[in-house]
Amino acid sequence: EPPVFEDLAWSPDGRSLAVSVTSPPTGATWPTLVALRFEPGEPVRTDVLHVYDDVVPAGTQLLPWQYNVFSFAWSPDGTRIAVTSAGDAALVGGDPGVAEISADDGHVLARHPGMPGGRDPNGFYGLAWLPER
């Protein structure tokens, strides 16, 4: 089956396009967050910024309409990306949260726990980054 591309979003400066990529069936390979980098006069470069290896248990097979569990959102300044993540909580049945990753290289800058019992019965998420006041 062809890969599924979910949640295309341009960075605030318009020089990077992030996309969540899943190769069905989920569980065969982990979904990833990939950034396509567009620099004038240069070939397009791709960077894998995040692997959603802690969001769903290994071997889980999702239907195509469930792939939005692998959400992300650019920060208003474009330096960070929020991604669905559970860290160690997923491994022990905890509630999923959000990780802030670097938009440059994907390293985790901060983790934010989810609300206990806050998981949607279908496991769906949506992320938005609100501007600071």
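A salt bridge is a side-chain nitrogen of Lys or Arg within 4 Å of a carboxyl oxygen of Asp or Glu. The structure described here is a predicted model, and by this rule the count comes to five salt bridges.

**Salt bridges**

Side chains of opposite charge can pair when their charged atoms come close. Three of the pairs are listed with their N to O distances.

| Residue | Partner | Distance, N to O |
|---|---|---|
| Arginine 15 | Glutamate 39 | 3.3 Å |
| Arginine 80 | Aspartate 77 | 4.0 Å |
| Glutamate 100 | Arginine 80 | 3.3 Å |

The side chain of glutamate 100 meets that of arginine 80 at 3.3 Å. This pair links distant parts of the chain, with glutamate 100 in strand β7 (residues 97-102) and arginine 80 in strand β6 (residues 80-85), 20 residues apart. Glutamate 100 has a relative accessible area of 13% and is buried, because buried means under 20% relative accessible area. Arginine 80 also forms a salt bridge with aspartate 77, at 4.0 Å.

Arginine 15 and glutamate 39 form a salt bridge at 3.3 Å. Arginine 15 sits in the loop between β1 (4-10) and β2, and glutamate 39 in the loop between β3 and β4, so the pair ties together parts that are 24 residues apart in sequence. Arginine 15 is partly exposed at 42% relative accessibility. Glutamate 39, with a relative accessible area of 34%, is partly exposed as well.

In addition, a network of salt bridges links Arg37, Arg45 and Asp47.

**Strands β2, β3 and β4**

Strand β3 (residues 32-37) has five of its six residues buried, so the rest of the structure largely encloses it. Strand β2 (residues 16-22) pairs with β3 in the antiparallel sense, over six bridges. Here serine 16 is placed opposite arginine 37 of β3. β3 also pairs with strand β4 (residues 45-51), again antiparallel and over six bridges. Leucine 33 has histidine 50 in β4 as its bridge partner.

**Strands β5, β6 and β7**

In β6, five of the six residues are buried, so this strand is largely enclosed by the rest of the structure. Strand β5 (residues 72-74) pairs with β6 in the antiparallel sense over three bridges. Phenylalanine 72 stands opposite valine 83 in β6. The hairpin of β5 and β6 has five residues between the strands, and in this hairpin glycine 78 takes a positive phi near 75°. β6 and β7 are paired in the antiparallel sense over six bridges. In β7, glutamate 100 is the bridge partner of alanine 82. Glutamate 100 thus appears twice in this account: as the bridge partner of alanine 82, and in a salt bridge with arginine 80 through its side chain.

**The largest pocket**

The largest pocket holds about 230 Å³ of space. Of the 13 residues that line this pocket, Asp13, Arg15, Ser16, Arg37 and Asp104 are the closest to its centre. By class, its lining has seven charged, three polar and three nonpolar residues.

Several of these central residues were named above. Arginine 15 is a member of the salt bridge with glutamate 39. Serine 16 and arginine 37 stand opposite each other, with arginine 37 in β3. Arg37 also belongs to the salt-bridge network with Arg45 and Asp47.

Methods:
Residues numbered from 1 in each chain as written. Predicted model: local features only at pLDDT ≥ 70, side-chain atom pairs only at ≥ 80, totals over all residues. Heavy atoms only, no water. Buried < 20%, exposed > 50% of the residue type's maximum accessible area, 1.4 Å probe, protein only. Helix = DSSP H or I, 4+ residues; strand = E, 2+ residues; numbered from the N terminus. Pairing = 2+ DSSP bridges. 1 Å grid on protein atoms, 1.4 Å probe; cavity = no way out; pocket = protein on both sides within 12 Å on 5 of 7 lines; lining within 4 Å. Points joined across faces, edges and corners; volume = space filled by probe spheres on them. Nonpolar A, V, L, I, M, F, W, Y, C, P; charged D, E, K, R; others polar.
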